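The following paragraphs lead through selected features of the structure shown below. Please keep the sequence and the model in view while reading.

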Amino acid sequence: MNNKITVDSQENYNVWSHAEKAMSRSRLWQFLLITIGSASSIIYPHVPLVGFAAISGVTLNRKQAIISSIIIWLVNQFYGFTLRQYPQTLESLTWGLVMGLGTLLVTIVASIKPKFIEQKIWRYYLWLSASLVIGYILFEGIILLTATLMVGDGHGLTVAILGRIFVKNIVWAIALTFIHSFLIWNGIKFFKRGERSSVTPT
């Protein structure tokens with residue numbers, strides 16, 4: 001009985017892993033991430049770049065993840081310097097570049113995908129959660145360090161503000177994870193439906 005459960009569990013993981021890998025190479029998922037991330041610039045002056053970077057890094061291959069994150073960051077900067085009329089000063093440009101660097105680093109860290117996430121679906125989502133937390137600490141650490149070097153203080157970032165930013169990134173990451181998981185499980189259903197139809201006598 002235990003052996004059967006183990007085999008079934010392994011088979012379920014193999015099917016899920018196959019669907020997840022297919023999704024990680026999917027232009028559809030990359031397009032959705034870029035579209036949602038770009039649209040979020042209209043809603044927020046400060047896009048939850050950490051959330052998008054972490055999700056991109058974990059759910060796409062590294063090249064696609066980096067491209068997606070950088071495009072989202074570039075669109076945010078474009079909106080900022082045009083529609084939101086950011087001051088075109090060296091300080092503003094520096095902050096934009098620092099945010100871009102932070103986004104890139106978070107994406108690279110998330111895309112590492114350590115070996116321990118294999119064989120269990122929950123480990124995959126554990127790494128996704130860990131990437132978000134690690135990425136947020138890394139990103140805000142860079143922001144705080146830059147603020148200290150540039151103006152000698154924390155750029156007005158209090159614990160309450162950092163907490164609100166973190167919550168915003170979590171909310172967006174959860175929503176994106178839900179969409180990604182929905183696409184994976186729908187892919188699995190489609191695959192299994194095709195499998196059944198191929199063995200059904202005609």
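**A serine and its surroundings**

A polar atom of the S111 side chain lies 2.8 Å from the backbone oxygen of I108. This is a predicted model, in which local features need pLDDT of at least 70 and side-chain atom pairs count only at pLDDT 80 or more, whereas totals for chains, interfaces and linings use all residues. Residues are numbered from 1 along each chain as its sequence is written, and side-chain values use heavy atoms, with hydrogens and water left out.

S111 is found in the loop that runs between helix 5 (90-110) and helix 6 (121-151); helices are DSSP runs of H or I with at least four residues, numbered from the N terminus. With a relative accessible area of 8%, S111 is buried, a term that stands for under 20% relative accessible area with a 1.4 Å probe and protein chains only. Leaving aside residues up to four places away in sequence, S111 touches G57 and R62, where contact means heavy atoms within 4.5 Å.

G57 is one of the buried residues of helix 3. In this helix, residues 49-59, 11 of 11 residues are buried.

The second largest pocket holds about 290 Å³ of space. Its lining comprises 14 residues, and E20, K21, K113, I117 and Y124 are the closest to its centre. A pocket is an open set of points on a 1 Å grid over the protein atoms alone, where a 1.4 Å probe fits, with protein on both sides within 12 Å along at least five of seven lines; lining residues have an atom within 4 Å of a point. Helix 1 (residues 2-24) contributes the most to this lining, with six residues.

Technical notes:
Buried means under 20% relative accessible area, exposed over 50%, partly exposed in between (1.4 Å probe, protein chains only). Helices (H or I, at least four residues) and strands (E, at least two) are DSSP runs, numbered from the N terminus. A polar contact is a pair of N or O atoms within 3.5 Å; within protein, one must be able to donate a hydrogen and the other to accept it, and residues adjacent in sequence count only if both atoms are side-chain atoms. Grid points are joined across faces, edges and corners, and a volume is the space filled by probe spheres set on the points.
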